[in-house]
Amino acid sequence: MKLQTIDHVVITTNNLKACLHFYVDVLGMECDTANGRYAVKFGDHKFNIHTRPGEFLPAAEKPTPGSLDMCLIISGSLEEAREEVLKKGYPVETEILEKHGARGNMRSFYLRDPDGNLVEISSYGVS
């Protein structure tokens, strides 16, 4: 077997409205309500949103709001992205930091979604 890419991730939330506001209004993802489910999408990637543990089975053994730690790669200026988040009134956890990701050196800043999931916003080779 040779893995190719990630198709989707599942996020469990305590507050659907706040969760959708963060991922759609703050991060700019598209809301998808196909098949009576909530998801947010960007490019070829999707985050399914569950409003209770094990909403759709099979599910993770212990789905818990706030247990994810994810990294999202952006194109363009990381400084501008951080300023955009702040202008939208959303707090960030850190300044821009030097980090190491799957493809090597990158720069990142961190924020949390309404459930406490840690979201790292990163860029490779673009200031």
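## Aromatic residues, sheet and core in a predicted model

Phe22 is buried, and Tyr23 is buried as well. The structure in which they sit is a predicted model, and this report follows these two residues outward into the helix, the sheet and the loops around them.

Tyr23 and Phe47 form an edge-to-face aromatic pair, with 5.9 Å from centre to centre and 85 degrees between the planes. Because Tyr23 lies in helix 1 and Phe47 in strand 4, this pair ties together parts that are 24 residues apart in sequence. The structure holds four aromatic pairs. Among them is the pair of Phe22 and Tyr23, whose ring centres are 4.7 Å apart and whose planes stand at 90 degrees, so that this pair, too, is edge-to-face. One aromatic cluster is formed by Phe22, Tyr23, Phe42, Phe47 and Tyr90. The table sets out the two pairs described here.

| Aromatic pair | Centre to centre | Angle between planes |
|---|---|---|
| Phe22 and Tyr23 | 4.7 Å | 90 degrees |
| Tyr23 and Phe47 | 5.9 Å | 85 degrees |

Tyr23 has a relative accessible area of 0% and is therefore buried, and Phe47, with a relative accessible area of 6%, is buried too. Not counting residues up to four places away in sequence, Phe47 touches a list of residues that includes Val9, Ile11, Tyr23, Met29, Val40, Met70 and Leu72.

**The nonpolar core.** The largest nonpolar core has 21 residues, and those that touch the most other members are Tyr23, Phe47, Phe109, Leu111 and Val119. Two or more residues of this core come from each of helix 1 (16-26), strand 4, strand 5, helix 2 (78-87), strand 7 (104-112) and strand 8 (118-123). Helix 1 gives the largest share, which amounts to five residues.

**Helix 1.** The buried residues in helix 1 include Cys19, Leu20, Phe22, Tyr23 and Val26. At the start of this helix, a side-chain oxygen of Asn15 comes to within 3.2 Å of the backbone nitrogen of Lys17, while after the helix there follows Gly28, whose phi is positive and near 85 degrees. Helix 1 lies across strand 1, strand 2, strand 3 and strand 4, and it runs at about 10 degrees to strand 3.

**The open sheet.** Those four strands form an open sheet of mixed pairing, in the order 1-4-3-2. Strand 1 (8-12) and strand 2 stand at the edges with a single partner strand each, so one side of each has no neighbour in the sheet. On average, and with direction ignored, neighbouring strands of this sheet are turned by 25 degrees against each other.

Within this sheet, strand 2 and strand 3 run antiparallel and are joined by three bridges, and Cys31 has Val40 of strand 3 as its bridge partner. Strand 3 and strand 4 also pair in the antiparallel sense, over five bridges. Here Val40 stands opposite Phe47 in strand 4, and the bridge partner of Phe42 is His45 in strand 4. The hairpin of strand 3 and strand 4 has two residues between the strands, and in this hairpin Gly43 takes a positive phi near 55 degrees.

**Loops with notable backbone or side-chain features.** The hairpin of strand 2 and strand 3 has five residues between the strands, and there Asn35 takes a positive phi near 60 degrees, although Asn35 is a residue other than glycine. With a relative accessible area of 75%, Asn35 is exposed.

A cis peptide bond, with omega about 0 degrees, joins Leu57 and Pro58. Pro58 is placed in the loop between strand 4 (45-50) and strand 5 (69-73).

Glu95 lies in the loop between helix 2 and strand 6 (97-101), and its relative accessibility of 54% means that Glu95 counts as exposed. Leaving aside neighbours within four places in sequence, Glu95 is in contact with Arg82, Ser108 and Phe109, the last of which is also among the core residues that touch the most other members. Between Glu95 and Arg82, a polar contact of 3.4 Å is made from side chain to side chain; the C-alpha atoms of these two residues, which are 13 residues apart along the chain, are separated by 8.6 Å.

Technical notes: Residues numbered from 1 in each chain as written. Predicted model: local features only at pLDDT ≥ 70, side-chain atom pairs only at ≥ 80, totals over all residues. Heavy atoms only, no water. Buried < 20%, exposed > 50% of the residue type's maximum accessible area, 1.4 Å probe, protein only. Core = buried A, V, L, I, M, F, W, Y, C linked by side-chain atoms within 4.5 Å. Contact = heavy atoms within 4.5 Å. Pairing = 2+ DSSP bridges. Polar contact = N/O pair within 3.5 Å; in protein donor to acceptor, adjacent residues only side chain to side chain. Axes fitted to C-alpha atoms, helices over the stretch in contact; angles between N-to-C directions. Phe/Tyr/Trp six-rings, centres within 6.5 Å; stacked < 30°, edge-to-face > 60°.
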